[in-house]
Amino acid sequence: MRENMLKDVKAFFPENMDTFEPQRKKIFVLTHELSLTGAPVVLTHAVRMLKNDGWQVVVVSPSDGVLKQDFLRDGIPVFIQPDMDKNDDWMRLAADFDLILVNTVVPFRQIEQLRNFKVPVMWWLHDARSGYEDYLRHVLPETIGDNIHTKTSANICKDSANLTSSDNTNSLTS
C-alpha cells in the first residue's frame with residue numbers, strides 16, 4: 001500500500017524532479033487548514049512519504065490545528081500565516097523551493113497569487129463533492145498560470161470546475 005501511495009504522490013511532480021539530488025529536493029506544502037478532516041489527514045500521509053523519500057518539506061497554513069503537532073513530531077516545520085489572502089509574504093519563503101504543492105481547491109486565492117510564479121506548482125484537488133457544488137465552483141479563477149499543474153482524484157473535481165492556463169495547456173481536466 002505504501003508503495004502505491006508513494007507512486008501516486010510522485011505522479012504529482014514534474015518529470016525532472018526525479019533527477020534532483022535528495023538534499024536539493026525542497027517542497028513547500030500549502031494547505032487550507034490543519035484539522036482532522038479528510039484532505040488535511042490525507043496530506044499528512046503524503047508529506048510523511050515525501051520526507052521519507054528524501055524531500056525537505058515545509059508546511060504552511062492560514063489556520064492552526066491538531067495536525068500541526070503531528071507534523072512537528074515528524075520533524076516537519078509548520079508555519080501558520082493567518083493573513084495569506086491579504087498579503088504575499090509567504091511567497092518569499094516559497095521562492096526558495098523546488099516545488100509548491102497546494103492541497104485542495106480551498107486555497108484558490110493562493111493559486112491566483114502563484115499565477116506565473118517562478119516555482120512550479122502542483123494543485124492537488126481531492127475535495128468533497130459538497131465543496132464544489134455549494135460554493136467553490138462559483139469562485140474559482142477562470143484561468144491558472146502556466147506554472148500550475150493540476151492533479152485530480154475524482155470526476156467531481158473535473159466536472160465542477162473548468163480551469164485553463166493562459167495557453168490552454170494546463171486545464172483542470174488534465
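In this predicted model, strands β2 and β3 run parallel and are joined by three bridges. Within this pair, V60 stands opposite F79 of β3. On its other flank, β2 pairs with β1, again in the parallel sense, this time over five bridges, and here F28 lies opposite V58 of β2. Five of the six residues of β2 are buried, so this strand is largely enclosed by the rest of the structure.

These pairings belong to an open sheet of six strands, arranged in the order β3-β2-β1-β4-β5-β7 with parallel pairing. The edges are taken by β3 (78-80) and β7 (148-152); each has a single partner strand, so one side of each is left without a neighbour in the sheet. From one strand to the next, the twist averages 20°.

Further along the sheet, β1 pairs with β4 over five parallel bridges, with V29 opposite L101 of β4. Strand β4 in turn pairs with β5 in the parallel sense, over four bridges, and the bridge partner of L101 in β5 is M122. What, then, covers the two faces of β4, and which residues lie on each? In a regular strand the side chains alternate between the two faces of the sheet. In β4, L99, L101 and N103 lie on one side and I100 and V102 on the other, and all of these are buried. The strand as a whole is mostly covered, with five of its five residues buried.

The packing around the sheet can be followed through its nonpolar cores. The largest has 23 residues, and those with the most contacts inside it are F28, I100, V102, L114 and W123. At least two residues of this core come from each of β1 (26-31), β2 (56-61), α4 (89-94), β4 (99-103), α5 (108-113) and β5 (121-125). A second, separate core of 18 residues includes V29, L34, L99 and L101. Returning to I100, and leaving aside neighbours within four places in sequence, this residue is in contact with F28, A94, L114, F117, V119, P120, V121 and M122.

Helix α2 (residues 38-52) offers a simple check on geometry. At 1.5 Å a residue, its 15 residues should span 21 Å, and its end C-alpha atoms are 22 Å apart, which agrees. Buried positions in α2 are A39, P40, L43, T44, A46, V47, M49 and L50. Just after the helix, G54 adopts a positive phi of about 100°.

The loop between β3 and α4 is also worth a visit. Is Q81, which is placed in this loop, buried or exposed? Its relative accessibility is 16%, and because the limit for a buried residue is under 20%, Q81 counts as buried. The side chains of Q81 and N87 are joined by a polar contact of 3.1 Å. Leaving aside neighbours within four places in sequence, Q81 is in contact with S61, P62, N87, D89 and W90. P82 is placed in the loop between β3 and α4 as well, but at 65% relative accessibility P82 counts as exposed. Although P82 and S61 are 21 residues apart along the chain, their C-alpha atoms are separated by 7.4 Å.

Note on methods:
Residues numbered from 1 in each chain as written. Predicted model: local features only at pLDDT ≥ 70, side-chain atom pairs only at ≥ 80, totals over all residues. Heavy atoms only, no water. Core = buried A, V, L, I, M, F, W, Y, C linked by side-chain atoms within 4.5 Å. Buried < 20%, exposed > 50% of the residue type's maximum accessible area, 1.4 Å probe, protein only. Contact = heavy atoms within 4.5 Å. Expected span 1.5 Å × (residues − 1). Pairing = 2+ DSSP bridges. Axes fitted to C-alpha atoms, helices over the stretch in contact; angles between N-to-C directions. Polar contact = N/O pair within 3.5 Å; in protein donor to acceptor, adjacent residues only side chain to side chain.
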